[in-house]
Amino acid sequence: MRATRSEQAVRTSAVAFALVARSLGEDPDPLRDPAHVVALRSALTAHDDPRLRALASDVTVAFLPAADLAGRWVRWFDLGRVPPYEGSNVAVTAGGITPRLADVAGFYRAFGMNVVGNRPDHLVAELEFMALVLVHEADALASGDGDRAEVVGDAARAFLRDHLGGWVDAWASRVAAVPELEPWAPHARVAAALVAAEAAARNVIPTRTDAVLVGDAGVATDDEPLLACGDETV
């Protein structure tokens with residue numbers, strides 16, 4: 001039996017997904033922006049899941065310089081130690097990650113979304129897609145279009161089951177295990193809890209595979225200085 005939710009509850013989730021996606025992106029400014037942090041905390045406080053309300057107080061402003069945050073993001077996320085990609089956080093099948101990427105991109109195309117300059121399975125893209133789908137669902141509920149709401153809800157359930165729900169918690173755990181990633185850790189926990197709450201509200205059990213750690217992919221060793229944007233090597 002499918003769970004039913006109010007238009008306001010769905011819209012609140014959409015806002016939370018969109019805001020936490022910004023928190024986990026390459027741009028460090030949202031982490032340092034009090035207005036962004038307040039908006040995310042407000043969305044969590046207004047959420048219908050008590051687990052998310054409890055996490056609201058963990059989201060605080062990062063006071064590190066932007067260059068420091070940008071360097072850490074490159075070192076850990078961009079260069080592959082804690083890659084924010086679905087295909088890097090699930091077991092690779094005989095067909096590789098290409099079918100998985102194609103399926104993710106197919107969801108996006110169905111809602112007019114396209115990822116430019118990155119892989120479609122990036123965490124930020126997947127969180128933004130959930131926000132987009134939930135906005136469509138909330139709009140359908142607000143207009144009384146039950147058929148459209150059901151179609152969009154089916155897409156949300158399928159995406160949570162086959163993609164986002166199966167790996168984000170493992171990735172969030174990896175973020176929490178790295179002291180240098182502490183500024184992102186509360187936001188990663190929020191992303192994982194938000195996905196879990198959305199899945200539970202829709203009676204979805206995500207499809208899981210054994211998460212695997214990739215190699216360091218040439219990342220600097222731990223005793224080397226952090227890279228910051230604008231740094232040059234000679």
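**Exercise 1. Work out how helices H6 and H8 are oriented to each other.**

H6 and H8 turn out to be roughly antiparallel to each other, a label for angles over 145 degrees, while under 35 counts as roughly parallel, 65 to 115 as roughly perpendicular and the rest as oblique. Let's see how to get there.

A word on the model before the steps: it is predicted, so local features need pLDDT of at least 70 and side-chain atom pairs count only at pLDDT 80 or more, while totals for chains, interfaces and linings use all residues. Residues are numbered from 1 along each chain as its sequence is written, and side-chain values use heavy atoms, with hydrogens and water left out.

- Step 1: Find H8 at residues 146–162 and H6 at residues 98–110. Helices (H or I, at least four residues) and strands (E, at least two) are DSSP runs, numbered from the N terminus.
- Step 2: Take the axes, which are lines fitted to C-alpha atoms, for helices over the stretch in contact, with angles from 0 to 180 degrees between N-to-C directions. The H6 and H8 axes come within 11 Å and cross at roughly 160°.
- Step 3: Add the hand. The crossing of H6 and H8 is left-handed, meaning that the near helix is turned anticlockwise from the far one by less than a right angle (clockwise would be right-handed).

**Exercise 2. Now describe H7 and its packing against H8.**

- Step 1: H7 covers residues 123–142, 20 residues in total. From first C-alpha to last, H7 reaches 28 Å, close to the expected 28 Å; the expected span is 1.5 Å times one less than the number of residues.
- Step 2: The H7 and H8 axes come within 8 Å and cross at roughly 160°. That makes the two helices, H7 and H8, roughly antiparallel, and their crossing is left-handed.
- Step 3: Look past the end of H7, where Gly144 follows with a positive phi near 75°.

**Exercise 3. Find an aromatic contact that joins H6 to H7.**

- Step 1: Search the whole structure, and 9 aromatic pairs appear. Rings of Phe, Tyr and Trp (its six-membered ring) pair if their centres lie within 6.5 Å; planes under 30 degrees apart are stacked, over 60 edge-to-face, and the rest tilted.
- Step 2: Pick out Phe107 and Phe129, an edge-to-face pair at 6.1 Å centre to centre with 75° between the planes. Phe107 belongs to H6 and Phe129 to H7, so the pair ties together parts 22 residues apart in sequence.
- Step 3: Check burial, defined as under 20% relative accessible area (exposed is over 50%, partly exposed in between; 1.4 Å probe, protein chains only). Phe107 is buried at 14%, and Phe129 is buried at 0%.
- Step 4: Widen the view: ring pairs link Phe107, Tyr108, Phe111, Phe129 and Phe159 into a cluster.

**Exercise 4. Which residue has a positive phi although it is not a glycine?**

- Step 1: Recall that most residues other than glycine have a negative phi.
- Step 2: The residue to flag is Asn203, with a phi of about 55°. Asn203 sits in the segment after helix H10 (185–201).

**Exercise 5. Place Gly25 in the fold.**

- Step 1: Gly25 is in the loop between H1 (7–23) and H2 (29–32).
- Step 2: Gly25 is buried, at 12% relative accessibility.
- Step 3: The C-alpha atoms of Gly25 and Val124 are separated by 6.1 Å, although these residues are 99 apart along the chain.
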